[in-house]
Amino acid sequence: MPEFDSETGAPPRLLIVIAATLAVALAAGVAVFGILTGSADEQAAPRDDGPLPLVPVPAPQAAAPECATLLGALPGALTSNGEQLAKRELAQPAPPSTTAWGTGDPIILRCGLDQPRELTRTAQLRVVNSVQWLPVTAEGTTTWFLADRAVYVALTVPDSAGTGPLQEISDAIAGALPPVPLRFSDG
C-alpha cells in the first residue's frame, strides 16, 4: 500500500491516478446509461402529432343540427401566436361532435354538452366577436362555454395559445348559429 507523503500529507500519485480513472469511468457509464434509457423513453412516448385520444363527456345534444352546422363552419386551422394549428385527427372511438387543433397542448371543441352549472345569473360572461362565453379556468387552460346559442359548446384552450383561436372560433359561431336568450342553471 502506498504511503502518504510525510512532508506534504498528500496521497501518493498512484492513488490520485486510480481515483481519477474511476471517476471518468463512472461518468462515462452514467452517460451511456442516460443515452440508452433516453432512447427507450422516446420510443415509448406517444406521438405528439398522432391521433388525439379524448375522454368522452356527456353530450346529449351532440347530434343536434346546430352541432353539424357549427362543425361544418369551423376553420381547418387556427392561428395561435402567429403559428398555424391544423385540425388534428382524433383517436377512435372519437367523441361525437368534437374536434381539435394543434399538437402538444391541443385546442379542443366539443358541441352539444349539458348546460354548465357555472352558468348562473351572477356568472361573469365575456363577449368575443358578438358571441357570449363563460370562461372557466383550470390549471394551464381555460374552457370557454358558449352561452348564447341553442347548443352548448366547450372550447378548451391552453393558456399559451393566446386569444387568436377564441376569436376565430367566435367568428365561425357568429356566422353559423343565431344568438338565443341566455338560459341560466339557477333558474
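What follows is a chat about P135 and the sheet around it in a predicted model.

Student: Let's start at P135. Which strand holds P135?

Tutor: Look along residues 131-138, which form one strand. P135 has its place in that stretch. The strand is β6.

Student: Which residues does P135 contact, leaving aside its neighbours within four places in sequence?

Tutor: Contact here means heavy atoms within 4.5 Å. On that basis P135 touches Q124 and R126. The rest of the list is T142, T143 and W144.

Student: And how far apart are the C-alpha atoms of P135 and T156?

Tutor: Along the chain, P135 and T156 are 21 residues apart. In space, the separation of their C-alpha atoms is 9.5 Å.

Student: How many bridges join β6 to β7?

Tutor: β6 and β7 make a hairpin with two residues between them, and G140 in the turn has a positive phi of about 85°. V136 has T143 in β7 as its bridge partner. The two strands run antiparallel, and the number of bridges joining them is six.

Student: Is β7 largely enclosed or open, and why?

Tutor: Take strand β7, residues 141-146, and ask which of its residues have under 20% relative accessible area, the cut-off for buried. Five of the six residues are buried. So the rest of the structure leaves β7 largely enclosed.

Student: On to β8. Which residue in β8 is the bridge partner of W144?

Tutor: β7 and β8 also form a hairpin, with five residues between them. Five bridges join β7 to β8 (residues 152-158), and the pair runs antiparallel. In β8, the partner of W144 is L155.

Student: What is the strand order of the open sheet, and which strands stand at the edges?

Tutor: The sheet has eight strands with antiparallel pairing, in the order β1-β2-β3-β4-β8-β7-β6-β5. Each edge strand has a single partner strand, so one side of each lacks a neighbour in the sheet. The edge strands are β1 (77-80) and β5 (126-128).

Student: By how much are neighbouring strands of this sheet turned against each other on average?

Tutor: Direction is ignored for this one. The average turn between neighbouring strands is 30°.

Student: Which residue in β6 does V128 stand opposite?

Tutor: β5 and β6 run antiparallel and are joined by three bridges. Opposite V128, in β6, stands V131.

Student: What angle does helix α3 make with β1?

Tutor: Helix α3, residues 164-176, packs on the sheet. The strands α3 touches are β1, β3, β4, β5, β6, β7 and β8. Its direction and that of β1 make an angle of about 140°.

Note on methods. Residues numbered from 1 in each chain as written. Predicted model: local features only at pLDDT ≥ 70, side-chain atom pairs only at ≥ 80, totals over all residues. Heavy atoms only, no water. Helix = DSSP H or I, 4+ residues; strand = E, 2+ residues; numbered from the N terminus. Buried < 20%, exposed > 50% of the residue type's maximum accessible area, 1.4 Å probe, protein only. Pairing = 2+ DSSP bridges. Axes fitted to C-alpha atoms, helices over the stretch in contact; angles between N-to-C directions.
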